[in-house]
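Me: I should like to take a close look at one strand of this model. Please explain in connected prose how that strand is set among its neighbours and what lies around it.

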Amino acid sequence: MKLLCSALVVCLSLFSAVGSETAQTKLSLGDPIPTVTASDQDGKTVDLANAAKDGYTLVYFYPKAMTPGCTAQACSLRDAYQTLQEKGVKIYGVSLDTVDAQKEFQAKESLPFELLSDTDHKVTSAFGVPLIKNSFAARQAYLFKGGRLVWLDTKASTDRQASDVLAVLSGNSHTTTNAANKTGAEVKKSNAAE
């Protein structure tokens with residue numbers, strides 16, 4: 001009986017260790033951007049850690065290209081793109097859509113920034129972004145400065161995504177205080193779901 005119990009404990013320990021290796025890790029303020037690559041809308045490989053080593057980098061996740069909420073989110077960033085560029089912000093949108101779907105979305109909405117295809121779930125997993133029905137990324141946004149996380153929003157807005165980022169960049173104390181003081185550095189927003 002002792003041997004059986006010992007074997008069971010060892011098996012459970014191994015199972016939990018394996019499960020923890022594959023579990024998604026949530027990023028916290030100050031964490032470095034994950035070292036991960038993905039193909040953009042043109043099939044070009046983008047190394048996010050290398051792209052984010054200087055200045056500001058916004059990586060935002062959305063459920064599905066060309067859906068109403070995701071289009072509003074992308075167009076919010078498109079419409080404020082010049083202002084974000086003046087503040088030195090590089091933008092990368094990420095979803096589980098194919099390269100072709102990302103290309104179509106970018107062209108249809110005249111998006112001036114790169115869209116990354118995460119069909120293998122490597123980017124969502126590296127960032128700890130939950131998946132909905134294993135088919136859609138949850139809507140989230142991460143702002144890095146010099147490769148370190150300075151703000152995140154796990155309930156990212158649709159049509160206010162750009163204004164939320166600009167508020168952080170302008171030093172709006174309400175926004176940055178909420179980001180720094182909430183558990184997991186989350187900033188709650190309305191209109192986060194499609």
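Reply: Two strands are said to pair if DSSP finds at least two bridges between them. With that rule in hand, the strand chosen here is β5 (114–117). The model is predicted, and confidence should be considered before any detail. Among the elements of the protein, β5 has the highest mean pLDDT, 98, whereas helix α1 (residues 2–22) has the lowest, 34.

The first step is to place the strand in its sheet. The protein has eight helices and nine strands. Seven strands make up an open sheet with mixed pairing, in the order β2-β1-β5-β4-β3-β8-β9. The edges are taken by β2 (45–47) and β9 (148–153); each has a single partner strand, so one side of each has no neighbour in the sheet. On average, and with direction ignored, neighbouring strands of this sheet are turned by 30° against each other. In the order given, β5 stands between β1 and β4.

The two partners of β5 can now be taken in turn. Strands of a sheet pair through backbone hydrogen bonds, and the pairing may be parallel or antiparallel. Strand β1 (residues 37–40) runs antiparallel to β5 and is joined to it by two bridges. Asp 40 has Leu 116 of β5 as its bridge partner. On the β4 side the two strands run parallel, and four bridges join them. Here Tyr 92 has Glu 114 of β5 as its bridge partner, while Val 94 is matched with Leu 116 of β5. Leu 116 is thus a bridge partner of Asp 40 and of Val 94.

The next step concerns the two faces of the strand. In a regular strand the side chains alternate between the two faces of the sheet. In β5, Glu 114 and Leu 116 lie on one side, and Leu 115 and Ser 117 on the other. Are these residues buried or exposed? All four are buried, and both faces of the strand are covered. For the protein as a whole, 44% of its 194 residues count as buried.

Helices lie against other strands of the sheet. Helix α3 lies across β3 and β4, and runs at about 160° to β3. Helix α7 packs on the sheet as well: it touches β3, β4, β8 (140–145) and β9, and its direction makes about 135° with that of β9. The buried residues of α3 include Cys 70, Ala 74 and Leu 77. Among the elements that cover the buried residues of α3 are β3, α4, β4 (89–95), α5 and α7 (161–169). The length of α3 agrees with what is expected of it, because twelve residues at 1.5 Å a residue should span 16 Å and its end C-alpha atoms are 16 Å apart.

The loop that leads to β5 also deserves attention, for it takes part in aromatic packing. A search of the whole structure finds eight aromatic pairs. One of them joins Tyr 62 and Phe 105, whose rings are tilted, with 5.8 Å centre to centre and 55° between the planes. The pair links distant parts of the chain, since Tyr 62 is in the loop between β3 (56–61) and α3 (68–79), and Phe 105 is in helix α5 (residues 99–109), 43 residues apart. Tyr 62 counts as buried because its relative accessibility is 0%, and Phe 105 is likewise buried at 0%. Another tilted pair is formed by Tyr 81 and Phe 113, at 6.3 Å centre to centre and 35° between the planes. Tyr 81 belongs to helix α4 (residues 81–86), and Phe 113 lies 32 residues away, in the loop between α5 and β5. With a relative accessibility of 3%, Phe 113 counts as buried. Ring pairs link Tyr 60, Tyr 62, Tyr 81, Phe 105 and Phe 113 into a cluster.

A word of caution closes the account. The protein averages a pLDDT of 80, and 75% of the residues score at least 70. Over residues 1–24, however, pLDDT stays under 50, and the model has six contacts beyond four places in sequence for them. The pLDDT is also below 50 over residues 173–194, although this stretch has 52 contacts beyond near neighbours in sequence. Where pLDDT is low, the predicted coordinates should not be read in detail.

Notes
Residues numbered from 1 in each chain as written. Heavy atoms only, no water. Phe/Tyr/Trp six-rings, centres within 6.5 Å; stacked < 30°, edge-to-face > 60°. Buried < 20%, exposed > 50% of the residue type's maximum accessible area, 1.4 Å probe, protein only. Expected span 1.5 Å × (residues − 1). Contact = heavy atoms within 4.5 Å. Axes fitted to C-alpha atoms, helices over the stretch in contact; angles between N-to-C directions. pLDDT = per-residue confidence, 0-100.
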